[in-house]
Amino acid sequence: MPPVQTLVLSAWEPELAPLRRLLRGSRAARDVALEAIGVGTVDAAVGAAHALARTRPRRVIFVGTAGVYPGATARALPIGAAAVAGELRLVSTATLRGDAYHPAPLVAAAETTPALRARLAAAAVDAVASVTVACPLAITHTAALARRIAATGAALENLEAFAVARAAAAARVPFAAVLGVSNVVGPKAHAEWRANHLAASRAACHVVWSLIRPRAR
């Protein structure tokens, strides 16, 4: 297939569906590819690498949902808000406890491409910009661990964004991530996510749409 301007990836199809609907019948659709790549760090990395190789995009944007760490809601990140990611951190709870360590060559932090991040933030003025995102292997469900990760400076939690960032870096493609806030990280997270993930996905997709939608001539 010919190269596309924008590749938009998500963990699973419901997170892409709002953008797919917005693109239906739009002339912007010919310049955009959308693909669900799998849930979790490993499947997201593999899926993103395959999608990047197949579509050869000029830029890649990950959309998804995220939990907000306790205390971060006061920093303009209520449930339903959309955030443009800045730094993405691979998180190991064993490392946080001091029971393990990352070997020196392992990359544990990534940053979204500043120019693309700025364009998304400018296109959707209601989105929170340059948010730090923690990306653990599993969803945090205890209040104690949520507080521990929050103490590192992370505001949001998402499982796949770091993996997609690394795949984009390997392909040398500009990368950004937009996340809709669906829940507070902790014991009630899953129930809150079930109630809010569709609205959170819409919020994230509307930020991307603000960037790619056709402009009046």
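This report describes the nonpolar cores, the largest pocket, the strand pairing around S4 and several individual residues of a predicted model.

**Nonpolar cores**

The largest nonpolar core holds 38 residues, and the members that touch the most others are Leu9, Leu77, Leu156 and Phe175. Strands and helices both contribute: two or more residues come from each of strand S1 (6–10), helix H2 (41–55), strand S3 (59–68), strand S4 (82–91), strand S6 (128–136), helix H6 (161–171) and strand S8 (175–184). H6 gives the largest share, seven residues. The buried residues of this helix are Ala161, Phe162, Ala163, Val164, Ala165, Ala167 and Ala168.

Phe175 shows how these parts of the chain meet. Leaving aside residues up to four places away in sequence, Phe175 touches Val60, Phe62, Leu88, Thr112, Thr113, Leu116, Ala161, Val164, Ala165 and Ala168. Another core lies apart from the largest one; it has 25 residues, including Val32, Ala124, Val208 and Leu211.

**The largest pocket**

The largest pocket encloses about 460 Å³ of space. Its lining is made up of 22 residues, of which Thr65, Ile139, Leu159, Asn183 and Trp193 are the closest to the centre. S3, S8 and helix H7 (189–212) are the elements that give two or more residues to this lining. Sorted by class, the lining residues of the largest pocket are ten nonpolar, nine polar and three charged.

**Strand S4 and its partners**

Seven of the ten residues of S4 are buried, so the strand is mostly covered. S4 pairs with S6, S8 and S5, as set out below.

| Partner of S4 | Sense | Bridges | One facing pair |
|---|---|---|---|
| S6 | parallel | six bridges | Leu88 and Val133 |
| S8 | antiparallel | three bridges | Ala82 and Gly180 |
| S5 (residues 109–111) | antiparallel | three bridges | Glu87 and Glu111 |

Leu88 therefore appears in two settings: it is the bridge partner of Val133 in S6, and it is among the residues touched by Phe175, where contact means heavy atoms within 4.5 Å.

**Buried polar and charged side chains**

Thr6 belongs to strand S1. With a relative accessible area of 1%, Thr6 falls under the 20% limit and is therefore buried. Its contacts, not counting residues up to four places away in sequence, are Asp31, Val32, Ala33, Arg59, Ile61 and Ile212. One of these, Val32, is a member of the core of 25 residues.

Glu160 sits in the loop between strand S7 (156–157) and H6. Its relative accessible area is 6%, which is under 20%, so Glu160 also counts as buried. With residues up to four places away in sequence left out, Glu160 touches Ala11, Gly38, Val39, Gly40, Ala44 and Phe62. Phe62 is also touched by Phe175. The C-alpha atoms of Glu160 and Ala45 are separated by 7.8 Å, although the two residues are 115 residues apart along the chain.

**Exposed and partly exposed positions**

Ala122 is placed in helix H4 (residues 114–123). The relative accessibility of Ala122 is 56%, which is over 50%, so the residue counts as exposed. From Ala122 to Pro187 the C-alpha distance is 35 Å, with their positions 65 residues apart in sequence.

Two residues that are not glycine have a positive phi. Ser130, with a phi of about 55°, is placed in strand S6. This residue is partly exposed because its relative accessible area, 43%, lies between 20% and 50%. Arg172, with a phi of about 60°, comes just after H6, in the loop between H6 and S8. At 78% relative accessibility Arg172 is over the 50% limit and therefore exposed.

**Elements in more than one role**

Several elements recur in the sections above. S3 and S8 each give two or more residues to the largest core, and both also give two or more to the lining of the largest pocket. S8 pairs with S4 in the antiparallel sense as well. H6 supplies seven residues to the largest core, while Arg172, just after this helix, is exposed.

Notes
Residues numbered from 1 in each chain as written. Predicted model: local features only at pLDDT ≥ 70, side-chain atom pairs only at ≥ 80, totals over all residues. Heavy atoms only, no water. Core = buried A, V, L, I, M, F, W, Y, C linked by side-chain atoms within 4.5 Å. Buried < 20%, exposed > 50% of the residue type's maximum accessible area, 1.4 Å probe, protein only. Helix = DSSP H or I, 4+ residues; strand = E, 2+ residues; numbered from the N terminus. 1 Å grid on protein atoms, 1.4 Å probe; cavity = no way out; pocket = protein on both sides within 12 Å on 5 of 7 lines; lining within 4 Å. Points joined across faces, edges and corners; volume = space filled by probe spheres on them. Nonpolar A, V, L, I, M, F, W, Y, C, P; charged D, E, K, R; others polar. Pairing = 2+ DSSP bridges.
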